[in-house]
Amino acid sequence: MSDDTPDDSKLTRTKQRWADEGRFITGRTSRPETERLPPGQHLVKNWPVLDLGIEPSIALPSWRLDIDGAVEAPVALNWAAFSGLPQVERISDIHCVTSWSRYDNHWTGVSTQDLAAHAGIRADARFAVLTSHDGYTTNLALADFLSDDALLAHSWEGQALSGEHGGPVRLVVPHLYLWKSAKWLRRIEFTTSDHKGFWEVRGYHNHGDPWLEQRYS
Ligand SMILES: Nc1nc2c(c(=O)[nH]1)N[C@H]1C(S)=C(S)[C@@H](COP(=O)(O)O)O[C@H]1N2
Ligand SMILES: [Mo]
C-alpha cells in the first residue's frame, strides 16, 4: 500500500468497525429476479460520494491505463487508444455496502470483455486486481470482472464522469457491492492467484454479492 493512502482515516476506521460489528446485516437473502432492492439496502435518488478522501485529478493527455500480468503482452492505453475501443452503453442499479442503492444509472464506456480481448488474457488468468490513482486496490474473480454488464465507464447520464465519482475512467461491476468498482482506474493486473484489496484485507467480503448480503468476511 502506498504511503499516501489514508488507511488510518476516521472513515476507514469507522468502516473497519462496521465490518467487526456486522453493521447493516439483515440475515436475509433475495434474488434480483424477484426483488429489485437487495436485503438491508435503501433507495437514494442522489449519488453519494464514497472514497478514501483523496480525489486525484488526471488530465486526459496524461491519462494511462496499464493492463498486465497474465496477458499475452502488457498493454498501456492512452486516452486516444482507449477511446478507439468499441463503446457500449449500459443501464444498471448500484449497491453500496454502507446500505444505499441507486437505480437506473446510464453508463458509457468500454466493456470489460472487449478490454480483456484487446489485451489477450491468458488461459491461466483467474483474477483481476485493480489499482487506482489514490492508492486504492480491489480484487475480483475473472468471471465477475468479465460479467456482461461490467464496463470501464467514462460517462454517466451522457456526461463525462465527474472527478468525485472516479473520472476519467472507473470500473462499474453492478452485480457486486460498489467497493469492487474502482474509481480513477490506473492499472488492471490479471493474476493466477487471488490478492485481497484495500477493503478485503479490512474485513470486507472477498466476493461482495449484495443479494447474498456478502458485506463482511
Ligand atoms: N479509487 C477508489 N475507488 C473506489 C473507492 C476509493 O476509495 N478509491 N471507494 C469504493 C467504495 S467503498 C465505494 S462505495 C464506491 C463509491 O463510488 P461513488 O463515490 O462514485 O459513489 O467507490 C469504490 N471505489
Ligand atoms: Mo463503500
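The following legends describe close-up views of a predicted model.

**Figure 1. Surroundings of ligand 1 in the predicted model.** The shell around ligand 1 consists of 21 residues, of which P48, D134, H165, R170 and K183 approach nearest. By residue class, this shell comprises 13 nonpolar, 3 polar and 5 charged members. The space that ligand 1 takes up is the largest cavity.

**Figure 2. Polar contacts of ligand 1 with L52, S132 and H165.** On the backbone side, an N or O atom of L52 is placed 3.0 Å from an oxygen atom of the ligand. Two side chains are also shown. That of S132 has an N or O atom 3.2 Å from a nitrogen atom of ligand 1, and that of H165 has an N or O atom 2.7 Å from an oxygen atom of ligand 1. Of the 530 Å² of accessible area that ligand 1 has on its own, 99% is covered by the protein.

**Figure 3. The salt bridge between R36 and D93.** Side chains of opposite charge can pair when their charged atoms come close. In the pair shown here, the closest N and O atoms of R36 and D93 are 2.8 Å apart. R36 belongs to the loop between α1 (10–21) and β1 (42–43), whereas D93 belongs to strand β4 (residues 88–95), so the salt bridge ties together parts that are 57 residues apart in sequence. The whole structure contains 12 salt bridges.

**Figure 4. The cis peptide bond from G167 to P168.** Most peptide bonds are trans. The bond from G167 to P168 is cis, and its omega is near 10 degrees. P168 is located in the loop between β9 (159–160) and β10 (170–172).

**Figure 5. The backbone at F24, a residue with positive phi.** Most residues other than glycine have a negative phi. For F24, phi is positive, with a value near 75 degrees. F24 is found in the loop between α1 and β1, the loop that also contains R36.

Terms used: Residues are numbered from 1 along each chain as its sequence is written. Chains are lettered from A and ligands numbered from 1 in the order in which they are written. This is a predicted model: local features need pLDDT of at least 70, side-chain atom pairs count only at pLDDT 80 or more; totals for chains, interfaces and linings use all residues. Side-chain values use heavy atoms; hydrogens and water are left out. A residue is near a molecule or strand if one of its heavy atoms lies within 4 Å of it. A polar contact is a pair of N or O atoms within 3.5 Å; within protein, one must be able to donate a hydrogen and the other to accept it, and residues adjacent in sequence count only if both atoms are side-chain atoms. Accessible areas come from the Shrake-Rupley method with a 1.4 Å probe; for residues, only the protein chains shown count as cover. On a 1 Å grid over the protein atoms alone, a cavity is a set of points where a 1.4 Å probe fits but cannot get out, and a pocket is an open set with protein on both sides within 12 Å along at least five of seven lines; lining residues have an atom within 4 Å of a point. A molecule sits in a cavity or pocket if more than half of its atoms lie within 2 Å of its grid points. Ala, Val, Leu, Ile, Met, Phe, Trp, Tyr, Cys and Pro count as nonpolar, Asp, Glu, Lys and Arg as charged, and the others, Gly among them, as polar. A salt bridge is a side-chain nitrogen of Lys or Arg within 4 Å of a carboxyl oxygen of Asp or Glu. Helices (H or I, at least four residues) and strands (E, at least two) are DSSP runs, numbered from the N terminus.
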